Each structure stands twice: as structure tokens, then as C-alpha cells.
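Let's take a walk through this structure one contact at a time. Have the viewer ready and follow along.

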Amino acid sequence: MGIYQPITEQVADITLQRRFRFRWWLALLASGALVLVFIAAVLWLFAAGVGIWGINVPVNWGLAIVNTVWWVGIGHAGTLISALLLIMSQTWRNALNRFAEAMTLFAVLMAAMFPILHLGRPELFYWMFPVPSTMGVWPQFRSPLIWDVTSFLSYLIASLVFWYVGMIPDLATLRDRARRRWQRRAYGVLALGWRGSAMHWARWRQAYFAIAAIVFVLVISVHSGVAMLFAASTLPGWHTTLLPPFFVFGAVFSGFAVVIVLAVVIRAAFGLHNLLTRDHLDLLGRMLLTTGLLTAYGYLFEAFHAWFSGELREIATLRDQMAGQYAWSYWGAVAMNFATIQLLWWRRARRSVPVLATVAILVAIGMWLERYMIVVTGLYKDFLPSSWGAYQAPVSEWALFAGSIGLFAFLFVLFARFLPLMSMFELKEAAAEEKGEHG
Amino acid sequence: MSATADGPSRRSFIKGAGAAMAASRLAACGDAPPQNVIPYAEQPEDMVPGRPRFYATAFPYAGFVQAVLAETHMGRPTKLEGNPDHPVSQGATDAFTQAAVTELYNPDRSRTILRAGAEVGWEDFADMAAGLAGPGLRILTGAVGSPTLFRQLQALGERGARWHLHEPWPAPFASVGGAVLRPRLDRAAVVVSLGDDLLGPGPAQVHNLRNWSVEGGGRRRLMVAEPSLTLTGAAAQSRLAVPERRLSVLAQAIAAELDGGNFPESAPAEAEWARWAAAALAANAGRSLLTAGSGLPSQVHRSVLAVNEALGNAGRTVLPTEPALAKAPDGARSFAMLVEDMAAGAVSALVVIGANPAYTSPAGIDFAAALARVPVTVHAGLYPDETAALCRWHLPLAHPLEDWSDGRAVDGTASIIQPVIPPVFRTYSAHAILAALLGEPAARPHDIVRDTWRAVWGEDAFAERWRRSLLAGFIAETAAGPARPRPGEEPSAPPPAGDGLEVVFLPDPSIGDGRFAAVPFLQELPKPLTKLTWDNVIGLSARLAARLGIENGDMIALSAQTGEVIGPAWVLPGQAEETVTLFLGYGRRQGAGEATGRGYDAYRLMPAGGESIGATIRKAEGRARLAVTQPWQTLAGRDDIIRTVAPGEALPREPERPSLYPEWPYPGPAWGMAIDLAACGGCNACVVACQIENSVPYVGPEQVAMGREMHWLRVDVYYGDRGAVHFQPIPCMHCEKAPCEMGCPVNATVHGPEGLNQMIYNRCIGTRTCSSYCPYKVRRFNFFDYAGAMPAAYSGYRNPDVTVRGRGVMEKCTYCTQRIAQARIEARKEDRPLRDGEVVTACQQVCPSRAIVFGDLADPDSAVSRARRGPRNYLLLGELGTRPRTSYLAKIEEG
Amino acid sequence: MTEERPLALLACFRDEDALVAAARRARDAGYRRLDGHSPFPIAGLAEALGFRENLVPWLAAGGFAAGAGLALFIQWWTSVVDYPINVGGRPLAAWTAFAFPAFEIACLTGVVVAALGMLLLNGLPNRRHPSLSVEAFRRVSQDRFFLSVAAGDPRFDPVATRRFLLGLGAEEVIEVPP
């Protein structure tokens with residue numbers, strides 16, 4: 001049987017043999033129901049306008065922006081696992097990178113939708129691109145929004161390319177193992193005629209590493225750009241140089257949380273315990289702890305910055321964060337993002353699936369709360385007390401958020417069914433190396 | 001407006017359809033209104049499309065006219081400006097007058113003659129009316145200032161009919177012995193007011209605010225004692241919160257202090273305040289003014305007049321004059337006697353013109369029950385209101401701007417009211433209705449009014465004087481002459497009731513006594529001291545609220561002998577501790593358009609004179625969701641938002657703030673604005689003027705409650721230390737280093753060459769980043785299609801020079817860019833530079849206290865440049881480096 | 001033996017080490033048109049087969065630079081030349097602001113050029129490649145390793161080459177039919 005074929009069979013057969021039929025349909029239906037919620041929320045939004053949301057003046061950004069920041073942040077972990085660990089030759093990434101990249105792609109897709117949906121006139125979103133028009137006007141490139149448009153676009157396409165290039169050899173495997181005609185044809189088209197040629201592999205490796213290097217710096221810039229959307233304003237609590245690194249740390253942190261959740265689910269659902277081992281979970285737990293502590297540093301220095309500035313308004317914003325109307329979002333974030341991860345200092349906690357999964361889910365929620373805190377607390381009380389207001393998200397905004405989770409899950413479920421969940425060739429490569437070392 | 005989220009309701013659709021038909025009628029007669037109307041400035045040779053025309057006319061309410069120039073576009077009135085030559089207006093108007101132009105197009109107006117609910121024709125009414133004149137006929141009107149109407153009423157009186165008057169709220173000036181006491185604040189250095197809301201909303205507001213404002217930014221010393229905070233109290237340097245029943249005691253105390261009489265028993269704070277007031281009055285004898293609220297007992301006014309006479313103020317700071325309003329036969333009891341006669345079956349026919357007694361009749365007078373005993377009942381009104389529902393006949397009354405009439409301003413100056421549009425709906429003027437009662441149903445108001453003045457001027461002078469009066473918009477030298485108050489002993493009123501809880505009544509600051517309840521623009525006008533819209537509240541002191549354990553919005557019940565009302569509580573700063581304030585004008589049951597059914601009806605408790613009553617208070621079930629445009633009304637420690645200087649002192653100069661960005665050259669005029677906080681009286685006229693000028697939609701109470709009001713210009717109110725009340729009008733600051741512009745991804749908000757922060761609506765995609773970045777939060781977003789959700793009829797008043805904004809688009813103050821463009825075109829046609837003062841923004845033009853200066857900052861001699869160089873100039877949030885073009889002049893306060 | 005000359009011969013090996021060794025020996029034996037095929041990248045195999053190319057990273061770098069230049073040019077031209085307009089008193093040529101989108105676009109073009117360049121140089125997509133029609137070759141993407149000798153090789157001879165390949169320890173040698 002050899003050492004390679006078991007890997008091929010285990011991973012490829014998830015796709016080619018329909019062994020997990022019932023569970024898969026259940027997941028598809030559950031997420032599909034939420035997709036319907038998403039569609040309904042979008043149709044309602046387009047028909048009635050953004051007025052159906054709870055936004056107002058001064059809080060004219062609501063859950064849509066919270067969700068964008070959160071989703072795009074989640075995407076960051078996938079890229080980092082793939083790109084950074086590839087460059088650093090960490091072979092343990094091989095079990096994770098494929099689905100982590102898929103997660104990135106879908107999360108960035110979700111993130112890219114919200115800024116368009118939140119427009120007053122979403123049908124005109126393309127005016128943010130330099131398209132010649134009868135008005136003769138171009139986009140305004142000094143706006144951080146344009147920065148985000150370009151960074152989201154680049155990130156989305158680059159992630160797709162990175163994911164696809166990395167998947168071509170595995171698509172060839174599926175093509176070659178496929179029994180059904182449509183599978184052969186479909187995977188044949190996707191595999192582009194890959195035949196494992198040494199020359200191809202050589203160029204592929206060059207390209208893959210080049211892309212990884214670029215995507216790695218890109219990913220750092222993306223959430224910095226998102227942070228700039230806030231930092232480039234004059235608002236107390238937003239207007240600080242701390243924001244870009246703070247956002248990037250938080251992004252990777254939340255991303256690792258979601259990777260852990262997905263890893264636990266995939267592992268159980270498809271019986272991949274041998275490939276996605278407790279060692280992997282342990283390593284992910286360490287990453288979560290590390291990035292969580294970096295994020296905590298951000299909290300600390302945000303508070304220090306406000307206090308050290310001596311600025312009445314900065315301190316007032318800090319006080320609003322901690323004791324204002326939306327203090328629950330601040331303390332919720334601190335509790336879930338800082339307190340819970342302290343468990344991960346213990347090896348046993350990291351290796352316990354229920355503990356790790358619970359911590360990860362709490363972190364994902366906590367990071368959402370943090371985004372909420374930043375957006376809403378930043379806006380509801382700014383300079384003139386006369387313009388202070390309040391904000392509460394109505395069902396129309398929650399439905400869209402829930403719908404986006406559903407759409408993300410739906411896409412992921414489809415991915416799990418039709419595309420290779422793990423990088424088979426890289427697992428084999430690692431197995432070969434291991435064999436070389438031991439044998 | 002409930003129709004925002006789910007499209008227009010069926011009702012609003014039908015309204016719109018009706019209005020569209022009316023509008024097509026307008027379009028068909030796009031030339032000058034008939035009957036030789038004469039435009040203000042030039043002979044109408046041709047109508048030039050796109051060029052507005054101005055007609056001098058007047059808008060009456062509560063018996064007095066506000067002299068205006070009506071701007072019309074192709075026969076469509078779009079805006080009213082104060083008549084600059086008129087002695088009272090001097091170019092300014094109040095908020096009510098600003099909104100009047102929208103009332104022309106109000107789809108909730110009545111538009112058909114109804115007999116027992118069925119539509120009939122004018123002839124049917126005329127046939128019926130011709131037989132009514134006789135001893136059993138009673139006419140009921142509001143205050144009558146129109147000489148023509150009075151002449152017609154007298155003619156009917158000669159045929160045996162009897163005229164009654166019912167005005168729900170006392171006229172603004174007190175009268176003593178047949179003389180009206182008109183204050184002249186411009187001649188007063190010290191003003192002491194005992195519950196007289198001199199600067200508050202009402203027909204005299206423009207008169208008083210104009211006189212109160214000091215050219216060049218001085219300040220008169222104003223001392224106010226009142227139970228509930230008013231705009232006058234807000235402007236006072238020294239304010240004493242006392243129950244209304246203590247005001248007469250204070251009057252007594254001041255008089256005693258000055259003439260050495262018997263100082264009444266009073267609390268230490270009251271006595272101290274009275275002594276200060278008396279000392280200030282005495283120190284400025286001849287230049288001081290003591291005044292008391294017109295609703296107070298007449299012996300108070302008698303003693304106040306005595307003080308003013310003793311100090312030599314009478315004839316200088318207060319003018320006893322002949323009354324401008326016609327006097328009803330039975331005086332203050334006019335309405336009560338009518339209802340008694342009705343109940344006794346002595347009335348065979350009642351014709352109500354322009355009044356709504358079924359709603360405004362005070363507690364203890366059951367108008368509805370008495371009406372049931374009258375065989376023939378006729379109601380003529382703008383709206384199908386509560387009285388219309390009870391009367392057999394209903395006639396749709398013409399809007400004052402739709403037909404000929406006349407009237408008098410608060411100083412008595414008469415104006416001919418010329419129509420600026422043919423009736424939008426098939427409506428009838430009060431003169432036509434009275435003429436029908438006189439048996440002349442075909443008489444035209446134009447001729448009726450001319451007859452009045454022909455009799456006054458004589459046949460020879462008539463033609464020329466008529467023409468001159470129409471041109472000027474008023475009849476020169478018709479101000480009420482001096483009068484000597486008849487001496488007499490006023491009946492001594494019973495001493496004020498005990499110590500318990502006191503209830504005082506105030507007309508609503510935005511909709512008056514209810515007469516403007518159907519005007520959504522006024523409903524949405526934030527009440528200056530609470531920033532509430534669309535509802536009334538029960539105002540109470542913070543201590544009382546704490547004692548009852550209630551917060552703003554909690555429902556409370558107020559029980560008096562006369563009945564009970566339940567309404568939401570609101571803590572009013574500066575409220576006398578044991579005083580509760582009820583606001584009139586709400587709880588309308590019919591004919592108030594979108595406000596029908598909102599709020600509670602305070603008339604159910606109010607006694608006939610509007611004086612205070614005793615009551616008990618308790619907590620009731622539930623909470624109200626109130627639509628407040630400014631939830632935070634304190635400065636939260638940010639004291640540099642409102643700056644004050646001592647008289648004669650200067651603020652530290654604004655430091656030069658270097659910028660990393662290169663300087664932009666502004667070769668042309670650099671528009672800027674300076675707003676004098678010392679002058680601003682918080683009257684809100686600018687807010688409505690801006691709204692009408694720029695076709696800013698109203699959004700309805702639900703949207704306001706969500707924080708989505710659209711006003712481009714808002715007046716912030718802050719309650720500071722030691723009872724200080726600060727008003728701060730906030731338009732767009734037009735920052736030179738605008739954070740909003742830099743945030744826009746699509747160049748939808750950019751800088752114009754003259755320094756205007758421009759908003760390009762058709763480029764906007766609605767990211768709202770500009771609003772997030774704006775430190776002043778002056779930007780307004782069309783969360784829904786607010787303009788489209790308004791009844792289509794309102795398209796009539798819209799300014800054709802201003803784009804209507806659709807859904808999903810940001811908007812904000814433009815410094816009235818259309819007016820700048822108009823002035824620029826005029827200057828270019830004459831090949832000359834723009835002159836200072838040639839561009840006047842809508843808010844500046846309307847301001848009665850001249851608080852706003854606008855002009856070219858690049859011209860060192862312009863008024864705005866001088867203001868900006870002055871010692872009180874400061875920039876709001878200047879430390880942010882946004883370099884605002886709008887600046888503020890600090891308030892003046894004695895250390 | 002088919003009548004027609006095969007396009008190539010495929011020698012099948014069971015593991016990567018055997019393939020690398022066979023590749024070296026075939027190269028030493030003078031074969032030039034050789035290629036290895038494996039389910040995963042094998043370090044050194046291409047080099048053993050004479051691969052020296054290092055073009056893709058340079059393409060990526062070129063794409064990056066071109067994207068940055070293009071993005072900067074578009075921003076400068078639209079903001080300074082074509083429609084200069086005062087935005088918040090900021091300079092027209094706001095290079096600090098322009099740098100951000102330029103970097104993002106540079107990353108995008110770098111990635112896309114690297115991927116497309118790799119495919120182009122590899123001659124992909126090529127779904128009709130003759131070897132893909134060989135049934136046994138399907139295992140190249142799973143667990144088998146192949147050394148191919150193209151018919152165009154100067155030393156190619158259907159019989160001798162087959163024998164040579166079997167001599168290298170190949171499990172079997174398959175012809176790629178034309």
C-alpha cells in the first residue's frame with residue numbers, strides 16, 4: 001500500500017466517495033436556511049434602503065462595518081498559516097492550510113460584501129474604481145475607503161490565486177482518481193492538465209513561494225488599511241497611530257480562533273484525527289495564546305495612550321468604553337479575549353478539544369464585540385455633546401450578520417464536499433521527508 | 001410620516017393625487033395673481049422663468065400680521081422674507097411665518113364645503129346664509145386685527161348679530177385701562193420681567209427680539225422671574241424660578257422697595273431678588289423697564305405701570321398705546337357669555353370663523369354640549385378640525401396668502417394683505433363668508449378691502465395710496481397712537497391659592513396654541529429649550545422628579561379640580577420646584593394632519609384666563625418614546641464650546657495653527673460666517689428659514705427618535721453652571737481643511753474655489769464616511785427617500801434653485817450657495833465685484849436679533865471680516881486644525 | 001509494439017529516491033529530453049534533469065513593480081492632471097496617500113503575474129497532453145513516480161530506451177501513444 005496512497009485515499013475519497021452524505025446534507029441545509037435569511041435581508045435592504053437599519057447621525061456606521069472589520073480579520077489567520085509558515089518551512093501547516101485558505105477566501109468575500117451593502121446607493125459602488133464616466137470625476141484616492149477598496153480587492157484576488165495555485169496538484173489527483181464522468185471533466189478542467197512534471201513543480205515552487213511572500217506583506221497591510229479608516233478621522237478613540245498594529249493583532253487572533261473551530265469540526269466530521277492531530281491543536285492553541293496576548297497589549301496601550309495624552313476627550317472616550325452605554329462590549333471583549341485564553345497556558349487545555357473549541361468560540365465572539373466597541377463607542381459620543389446619540393441594531397442588521405455567517409458556512413460546506421480539504425501532496429511531501437529522516 | 005419604510009400609505013397617495021390636480025391648476029395660471037397685484041420692486045412686464053418675484057404682503061396669526069415679502073417662482077410662493085422697510089419686521093420673521101408658505105400646500109387642508117358631511121356648493125351656503133342675519137346670529141372669531149373684518153362684523157352687528165371673540169392665549173402685550181403697554185427694549189438698559197416671555201414665540205417675538213439685540217454686540221441687563229424657563233428667562237443674566245402665584249408678590253415687593261410701601265411677606269431669595277431688581281430699575285430710571293406677563297391679574301399691571309411711570313420709563317421704554325386689535329363687546333367674558341347663551345337656547349345660528357373652540361375652549365366651558373342646542377352651526381377653517389366635526393356646515397377657509405385682506409402688526413401698523421397665489425384649493429376668505437351673511441355672496445374680498453380703505457382715505461387719495469401701500473407692504477404712519485390708561489380701581493383678585501403643587505400653562509413653542517399643529521415642519525422644529533419634536537410633555541423640576549422617582553419619558557398623571565391629563569414627564573431646567581408646566585397645542589383629535597392624536601390636551605385643565613391652578617401629581621403606567629434631537633444638553637466639561645467674556649473684554653487671540661498641508665490660494669471671495677452668541681435668542685426662525693430655503697424634508701417622529709432629523713442648521717442648547725442657558729446655532733463650518741472631504745472616496749464632497757465645502761448629491765454613493773469624520777456632525781443623510789415620502793403637494797413650496805435629494809445621499813448646509821450664485825450672476829451682469837452684504841443667507845436674513853453675519857473674509861472691510869477680527873471671535877473646535885470658515889462671537893457675561 | 005513510433009516512454013518507479021537516481025543516470029547516459037513526474041515536488045529532481053531557470057520570481061517582482069507604477073500613475077494623473085480639485089485643502093499630489101493603494105495594487109499584480117507566468121512557462125493549461133491519456137500514468141498524482149523520455153531525444157530508440165529504463169529499476173515502462 002505504501003505511505004502515500006492512504007493519504008490520497010483518505011482525503012480524496014471525502015470528495016469522490018460520498019461517505020458522509022447525511023451529515024453533509026444536514027450541514028448544507030442548516031447553512032442554506034441562513035443563506036435564505038441573508039438573501040431576504042439583502043432584498044429588504046435594497047428595496048427599502050439603509051434606513052431599515054438602526055444607524056443614524058452620529059452613529060452612521062453600524063453592524064455592517066463591525067462585520068466587515070471582523071470578517072476580514074478572520075481571513076488573516078488563513079493567509080498567515082499558509083504564507084508565513086510556508087516561508088518558515090513549518091510542515092505542520094500542511095494539514096491546515098487548505099481549509100484555512102478557503103476560510104480566508106470566504107471570510108474576505110463576506111467582508112467585501114458589507115461595505116457595498118451599507119452604501120446609501122449600493123448600485124453605484126463601482127464609482128470607487130477609476131472608471132471613466134460622463135461626470136469626468138475620478139475616485140478620491142486620499143480617502144482611506146479607497147485604500148480599503150484596493151486592499152480588499154487585492155486580498156480577495158490574491159487569496160483566490162494563492163489557494164488555487166496551491167490546489168492544482170490536488171485537483172489533478174481528484175481528476176485521476178475520479179470514476180464519474182462529470183468529476184473527471186470538472187476536475188480535469190480545474191487541474192489544467194497538471195501532470196506532476198519536475199519542471200512544472202520547480203516553477204510551481206518558485207511561484208508559490210513568491211506569492212506567499214507577497215501575500216504575507218499584503219495581509220499585514222489589509223487590516224492596517226481597515227484601521228486607517230478609523231485612524232484617519234479626527235475622532236477621539238480612533239485617531240491614534242496604535243490602531244493599525246492593534247487591528248492586525250486582533251485580526252490574526254480572531255482568525256486563529258475560527259481556524260480552531262473549523263479544524264475541530266472537520267476533524268470530527270470527516271474522521272481526520274490521524275492527519276489533524278492533537279499536536280496541531282496544541283500548536284494552534286499556542287498561536288491563539290500568543291496573538292491574544294498581543295491583542296491584550298493593544299488594549300493596554302489604547303488605555304495608556306488616552307490617559308497619557310491628558311486630552312479631556314480621549315479620556316472621556318476611554319471612560320465611555322469602560323463605563324458608558326456600550327461598556328458591555330468592552331468588558332465582553334476583555335473577558336473573552338483576555339481572560340479565557342489564560343487557560344491556554346496549560347498544555348492539557350490546549351490538547352482538550354472541548355476546552356480549546358470553547359475558548360476559540362469565545363474569542364471569535366469577543367473579537368466581534370471589540371469591533372462593535374470600536375465602531376459604536378467611537379461614534380456615539382464625539383466632540384460636541386449636542387450631537388451625541390445612541391445606536392441599537394434592529395433585526396434587519398442582525399439578520400444580515402447571521403445570514404453572512406450562514407453564507408460563509410454554506411460556501412465552506414460546499415468546499416468541504418467538492419474540493420480537497422487538505423493539501424494531499426504536501427502531506428505526502430512531509431511524509432517523504434519524515435521517511436527520509438527515519439529510514 | 002409613517003410611510004417611510006413601506007412606501008406611501010393609501011391616505012398620503014390620495015392626498016398627493018389631490019394636490020397634483022391642484023398643482024396642475026396652478027400651472028395653468030402661471031401669470032401674476034389677478035386683480036392688479038403690484039410687485040414689490042418693479043412693474044411686471046414679463047414673467048422671466050427662473051427669476052423669482054417678490055410681493056409685499058403680510059401673514060396674520062393670533063390677530064397680528066407679520067409683514068413679509070413673498071418670493072414666488074412662476075406664480076408659486078416658495079418663501080417668505082421679512083419686509084425690510086416695515087417698522088416691526090425690519091426684514092426678519094419668526095418661525096411660524098417661515099413655515100406659513102408650506103401651509104398653502106398642506107394636503108390636510110380642508111377643500112370642500114360640507115353640509116352635514118356632504119359636499120355642497122357655495123350657492124347652497126349663500127342661500128342659507130342670506131337669511132341668518134338677525135338677533136339670533138352669533139359670530140365667533142379669534143383675535144381680529146383686520147380693519148375690514150371688523151367693519152364687516154360691525155355691519156352684521158347693525159343687523160342684530162353679535163360678535164364674540166375667543167383667543168385661547170392672551171395677546172402678547174398687557175393692557176391697563178384700555179391702553180396697550182408696548183415695550184421698547186431698544187431704549188432699555190435694564191429690563192425686569194415678571195413672567196413676561198418677551199422674547200418667546202408669538203406675534204411680538206420679532207418686534208421684541210429686534211429691539212433687544214444690540215448692534216455691535218452689547219447686552220441689555222435682563223432680570224427675569226418666572227415659574228418655567230422661557231426664551232426670555234434663558235437670555236436673562238439673573239433669573240429667579242418662582243411659582244406663578246408669587247409673581248404678583250414680587251411685583252408688590254419691587255413697588256414697595258421703590259416707593260417705600262409695605263414690603264410683602266416673601267422668601268429670602270424672593271426678597272433679595274426683588275431688591276436687586278428694584279435697585280437696577282432705579283439706577284437706570286428712564287432707561288429701565290418693568291414688565292409682567294399679560295396673563296397676570298390686571299392689578300399687577302396697574303402697579304407695574306405705576307412703577308414705570310414713577311421711574312420715567314413710561315413713554316420711553318414702554319409705550320401705552322391704542323390697541324391694535326378690535327375689542328370684543330363683552331371683553332374677557334366674550335366666549336363664556338356666548339356659551340352661556342348657546343346653552344340657554346338664545347342662539348339660533350353660530351358662525352365660527354378661523355377659531356377652533358371645540359378644541360381650545362378652556363376647562364369648565366362645555367362648548368360641545370352648548371353647540372348641540374344651536375340650530376344652525378357653521379364653521380369656517382383651514383382644516384376639518386374638532387369644531388368642523390361638530391358643526392352642520394363647514395367652509396374651507398382660504399389661507400391668508402390666498403386672498404385679499406388687511407391687518408395690523410403688533411405696533412398697529414396696518415398692511416394690505418395681497419394674495420400671492422390664487423387659492424390652491426377651492427376655499428373662501430373670511431370676508432367672503434361675512435359678505436354672504438350680509439347678503440352679498442358675490443362680493444369679492446378685493447373690493448371689500450378696497451371699500452374699507454376708500455372710506456378711510458377718501459375717494460381722491462385712494463388710488464395712489466392703495467398703490468403705494470401695496471408696493472410698500474404696509475401703510476406708513478398707521479402705528480397705534482399713544483393712549484392714556486384710564487384710571488380705575490381694578491377688581492382685586494383673590495389672593496393666590498396656598499402652597500401645593502402649581503400647574504402653569506404655556507403655548508407650545510413650535511406649534512403655538514395648537515393653530516399650527518397641522519404643519520409638519522413646525523411639529524418637527526425642535527422646541528428650543530427641550531429639543532423635543534412632535535409631542536408635548538409635562539414639565540417639572542428635577543427635585544420633584546426625583547421625589548416622584550421618575551425620569552424623562554415616564555408617564556405621569558396630573559389631577560386638578562377640572563380634570564386629569566396623562567403625559568410624559570420631562571425635567572425642565574430652571575423650573576420652580578413646586579410648579580408643573582403643561583404645554584398647549586397637542587392632543588388634537590381632528591384636523592391636525594400627521595400630528596392628530598399626538599400628545600395630551602392641556603386645555604382640559606386650563607382655566608379661561610390661562611392662569612395657574614392647583615393639582616396633584618402621580619406616576620402613571622408606561623413610558624413614551626419621545627423624539628428628541630439633542631439628548632445631551634450639558635457641556636460635559638467641554639466648556640470651550642461656549643465661550644464667554646466679561647463686558648469689554650477680549651478672548652485670547654486664536655493662535656496661528658500651522659499645517660502640514662500647503663496653503664490653498666482662494667483668489668475670489670472667501671465666504672465666511674460669524675454667529676454672535678450674545679445676540680442669539682434661540683428663537684428657531686433660522687432653522688425653519690433654512691429648511692424652507694433649501695427644501696429640507698421633514699422626516700416624522702419615528703425617524704427623529706432614531707436620530708435622523710434633517711435640519712441643515714440646528715440650534716444647540718446647553719445648560720451650564722448657575723442656571724446659564726446657551727444657544728448655539730450650528731451650520732456647516734465649511735472647514736478649509738475639511739476632514740469630511742478627505743474621507744469621501746468618490747469626490748462627492750470637495751472644496752469650491754470660494755472656500756465652500758460643497759456637496760455633490762448626484763456623485764454621492766452614501767458611504768457616510770464624511771459624517772463619521774465631521775467633528776461637528778452637521779451632515780444629514782437620507783436614510784430613506786424623505787423628500788419623496790412627503791406628500792407630493794409639498795413640491796409646491798420647494799425652491800426651484802435647489803436640488804431635491806434622493807435616498808442614500810448625504811446633504812448639509814451649503815451657505816445658501818444658490819443665493820451666492822444669484823448674487824454673482826447679478827454682479828457679473830453689471831460687470832462689477834460683489835458688494836459686501838449682497839449675499840444674504842436664509843438664516844441671516846430671517847434672524848430677528850441679527851446674530852448672523854455672512855460675507856467675504858478676503859475683503860478686510862466686510863462685516864464678517866470685522867466680526868472675525870473682533871475681540872469676541874473664536875473658532876469652534878479650532879484646535880483640531882480644521883480651519884472653519886464659520887466662527888462664533890463669545891457670549892458676554894458679567895464676571 | 002505499435003506500428004507507430006511512441007511519443008515518449010514512461011518509466012514507473014515506486015518511490016521518489018528511485019526516480020531521482022534514475023533521472024541522474026539517464027542524464028549521465030546522455031538523454032536530454034527527460035522529465036520526471038511525481039505526486040509531490042521532489043527537491044533536486046528538476047536540477048538533476050538540467051533545469052536551471054529562475055524566471056518566475058523575477059516575473060513576480062516585475063509584476064509588483066509594474067502594478068505599483070501603474071497605480072501611482074493613475075492616481076497622480078486623475079488627481080493632478082485630469083481633474084485637479086481641492087479636497088479638504090490637501091495637496092493634489094498626495095504621495096503618502098497614494099502609496100497605500102499603490103502597494104495594494106502592486107501586491108495584486110505581483111501575485112497574478114507570478115501565477116500566470118508559472119502557468120505560461122509550464123505550458124498550462126494543457127488538458128490534451130498525450131501522457132494524460134495513459135491509464136497507468138493516472139497514478140502520478142497519487143503514489144507513483146515516472147521518468148519520461150521524449151521521442152524527440154537524440155538518443156531515443158523505442159527498444160533500446162525501454163531496455164535502458166527497465167535497467168534503471170523501473171517497475172514497468174509504458175509507451176505514450178501518439
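Start with a single ion pair: Glu53(C) makes a salt bridge to Arg203(A), and the closest N and O atoms sit 2.5 Å apart. Keep in mind that this is a predicted model, so treat that distance as a computed value from the prediction. Between chain A and chain C the count is 1 salt bridge, so the pair you're looking at is the one to bookmark for this interface. Other polar links are there too: 28 residue pairs are in polar contact between chain A and chain C, with both partners at pLDDT 80 or more.Now zoom out to the whole A–C contact. Here 60 residues of chain A meet 66 residues of chain C. The size of an interface is often given as the accessible area lost when the parts come together. For chain A and chain C that area is about 5,300 Å², with carbon and sulfur atoms giving 67% of it. Arg203(A) turns up again in this tally: together with Arg142(A) and Arg195(A), it supplies 16% of the area that chain A buries against chain C, more than any other three residues.

Which elements of chain A give two or more residues to the side that touches chain C? They are helices H1 (4-16), H5 (144-177), H6 (181-191), H7 (198-231) and H15 (424-438) of chain A. H7(A) gives the most, with 20 residues. Sorted by class, this side of chain A has 33 nonpolar, 16 polar and 11 charged residues.

Next, turn to where chain A meets chain B. This contact takes 55 residues from chain A and 54 residues from chain B. About 4,400 Å² is buried between the two chains, and carbon and sulfur atoms give 57% of that area. On the chain B side, the residues that lose the most area to chain A are Trp632(B), Arg638(B) and Arg763(B), together 17% of what that side buries.

How many salt bridges does the rule find across the interface of chain B and chain A? There are 2. Take a look at Glu879(B), which forms a salt bridge with Arg313(A), the closest N and O atoms being 3.0 Å apart. Polar contacts between chain B and chain A come to 35 residue pairs, again with both residues at pLDDT 80 or more. The elements of chain B that each supply at least two residues to the side touching chain A include strand E31 (714-719) and strand E35 (780-781), along with helix H21 (739-743) and helix H22 (769-773). The class split for this side of chain B is 28 nonpolar, 14 polar and 12 charged.

Let's go inside chain A for some helix packing. Helix H4 (residues 97-117) and helix H14 (residues 395-418) of chain A pack at an angle of about 150°, their axes 10 Å apart. The crossing of H4(A) past H14(A) is right-handed. If you'd like to light up the contact, the residues from H4(A) include Phe99(A), Met103(A), Phe106(A), Met110(A) and Phe114(A), while those from H14(A) include Phe401(A), Leu407(A), Phe408(A), Phe412(A) and Phe415(A). By class, this contact has 17 nonpolar, 1 polar and 1 charged residues.

A few backbone spots round off the tour. Most residues other than glycine have a negative phi, and most peptide bonds are trans. In chain A, though, Val57(A) and Pro58(A) are joined by a cis peptide bond with omega about 20°. Pro58(A) is in the loop between helix H2 (21-48) and helix H3 (63-87) of chain A. Chain C has a cis bond as well: this one joins Leu124(C) and Pro125(C), with omega about 0°. You'll find Pro125(C) in the loop between helix H4 (95-122) and strand E3 (145-150) of chain C. Over in chain B, check Gln90(B), which has a positive phi of about 50° although it is not a glycine. Gln90(B) is in the loop between strand E3 (76-82) and helix H2 (95-104) of chain B.

Methods. Residues are numbered from 1 along each chain as its sequence is written. Chains are lettered from A and ligands numbered from 1 in the order in which they are written. This is a predicted model: local features need pLDDT of at least 70, side-chain atom pairs count only at pLDDT 80 or more; totals for chains, interfaces and linings use all residues. Side-chain values use heavy atoms; hydrogens and water are left out. Axes are lines fitted to C-alpha atoms, for helices over the stretch in contact, and angles run from 0 to 180 degrees between N-to-C directions. Helices (H or I, at least four residues) and strands (E, at least two) are DSSP runs, numbered from the N terminus. A crossing is left-handed if the near helix is turned anticlockwise from the far one by less than a right angle, and right-handed if clockwise. Contact means heavy atoms within 4.5 Å. Ala, Val, Leu, Ile, Met, Phe, Trp, Tyr, Cys and Pro count as nonpolar, Asp, Glu, Lys and Arg as charged, and the others, Gly among them, as polar. Buried area is the accessible area (1.4 Å probe) that two parts lose on being put together, summed over both. A salt bridge is a side-chain nitrogen of Lys or Arg within 4 Å of a carboxyl oxygen of Asp or Glu. A polar contact is a pair of N or O atoms within 3.5 Å; within protein, one must be able to donate a hydrogen and the other to accept it, and residues adjacent in sequence count only if both atoms are side-chain atoms.
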